[in-house]
Amino acid sequence: MPKNRSPIWHPFTQHALQDEMTRVVRGNGAYLHTADGRRIIDAISSRWVVTHGHCHPRIVRAIQEQAGKLNQIIFAGHTHDPAEEVAAQLLKFAPPGLEHVFFSDSGSASVEVALKMALGYWHNIGEQRVSIVVMQHSYHGDTIGGMSVGARGVFNEAYGPLLFDVTSVPFPVRGHEQDTLDALELACRNEIPAAFIVEPLILGAGGMLMYPAWVLKEMKRICEASSVLFIADEVMTGWGRTGTLFACEQANITPDIVCYSKGITGGALPLAVTLCRADIFDAHYSRDRTRTFFHSSSYTANPVACAAARANLELWQDPNTRQRVAAIAAMQEKAIEPFRADARFESVRQTGTIAALDLKTSDAGYLADIGPKLQAFFNKRNLLLRPLGNTIYVMPPYCATEADLDEIYAGIWNAADALAERGALRVEKPSASVC
Ligand SMILES: *Cc1c(COP(=O)(O)O)cnc(C)c1O
């Protein structure tokens, strides 16, 4: 029997290769405190969810108050203040033209809801449109629908037979954006798809691949011209990550359907929403019960999660929050600058509060050994960084200080030194990179 036969099966974890989990007992702001007395800087916001910092006092208080008042209620046929207030505030903050909010519990679920809304819309208005167009390298979650519209690879190879077919347009590599737009136009015209789903401005799990707002705007225009529903998956990009509250603001577009999750509760509790335009709701609005939107989960709009989201939305009304986002973006821009001249790195890039850079190694790709090696190296230096293959990215909570960032980037610098010493880096001229 293998030594590391863990009773708990951790996500995205190969238990035969990872002997020990970091035991965390407390979170505070940008820091995690471990059982063995270490203080770790959370440089990836606990996988992109913790926006204002761990255990933000206003969010903690909101959770405590709501937990003692009403902590669960079936949401079919019932409603409550936290959900009503979150929905009203979301519709104020979201791009104009979105009029309805559907609650769920995770980013993956919010994507499933978006796809079902799109298919339900066409079904209910009596038009035969069923296919989905996606972007290369996308990630939309690990459920069957989410995997179907996401990149195919080693992560979902075993489940391939369950996944539905989609049409993929290339990622808009810098200088080749027109190829993406042409492919999308062709797909929209020839296939008459139901919807196009895309992560606006940054493809997260695909490797923090960034593309400009004008491409996003053009993609929306192309979809609109063929009445293809435009689904924006802002699960990662929402809540200030790209510098604005939502990424779509930068392209000045209103998607037909949009998904928010991750930072919606400031990272304190699981919650997600799918917002849509009135015509999508209206296509389901009927005295005919067969046109109902058939989707539910036990904890839809859980009151405690909604109270956390309400507190988060209150924080976003405080100008200080946007100032923190701007400050982090400026710090990131400054911190990655020296790496642009470092021959050991390539594709040094930044959008808002997210910075990413690729180590020039022959050992590239998500499953490359370099990922776990780097992770272990950073863990020893009390940094929570989880590279995506040879892509190192920094996505701190907005309470991080300049000193925190200095420590993070010094760690990255040292990792490159250590790898170079072992001859694990390729420092010759880099090949064309994706962004
Ligand atoms: C994280 C993520 C998801 C899935 O969200 P979960 O809450 O992990 O289910 C979907 N889309 C994008 C863009 C994400 O980054």
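Reader: Let's start with empty space: what volume lies in the second largest pocket?

Author: Happy to help, and please keep in mind that this is a predicted model. Rolling a probe the size of a water molecule over the atoms shows where empty space is left. For the second largest pocket, that space comes to about 790 Å³.

Reader: Which element supplies the largest share of the lining of the second largest pocket?

Author: The lining is made up of 25 residues, with F102, F281, T292, F293 and H295 lying nearest the centre of the pocket. By class, 13 of the lining residues are nonpolar, 10 polar and 2 charged. Two elements, β4 (98-104) and α8 (278-284), each give at least two residues to this lining. The largest share, 4 residues, comes from β4.

Reader: Good to know! Why is the pair of F75 and F103 edge-to-face?

Author: The structure holds 16 aromatic pairs. A pair of aromatic rings is described by the distance of the centres and the angle of the planes. For F75 and F103 the centres are 5.9 Å apart, and the pair counts as edge-to-face because the planes meet at 85°, where the cut-off is over 60 degrees.

Reader: How far apart in sequence are the parts that this pair ties together?

Author: F103 belongs to strand β4, while F75 sits in the loop between α2 (57-67) and α3 (81-93). The pair therefore ties together parts whose separation in sequence is 28 residues.

Reader: Now the ligand, please: what percentage of its exposed area does the protein bury?

Author: Let's begin with the polar contacts. Oxygen atoms of the ligand lie 2.8 Å from a polar backbone atom of G107, 2.6 Å from an N or O atom in the S108 side chain and 2.7 Å from a polar side-chain atom of K262. Taken alone, the ligand exposes 380 Å², and the share of this that the protein buries is 84%.

Methods:
Residues numbered from 1 in each chain as written. Predicted model: local features only at pLDDT ≥ 70, side-chain atom pairs only at ≥ 80, totals over all residues. Heavy atoms only, no water. Polar contact = N/O pair within 3.5 Å; in protein donor to acceptor, adjacent residues only side chain to side chain. Areas by Shrake-Rupley, 256 points an atom, 1.4 Å probe, with all protein chains shown as cover. 1 Å grid on protein atoms, 1.4 Å probe; cavity = no way out; pocket = protein on both sides within 12 Å on 5 of 7 lines; lining within 4 Å. Points joined across faces, edges and corners; volume = space filled by probe spheres on them. Nonpolar A, V, L, I, M, F, W, Y, C, P; charged D, E, K, R; others polar. Phe/Tyr/Trp six-rings, centres within 6.5 Å; stacked < 30°, edge-to-face > 60°.
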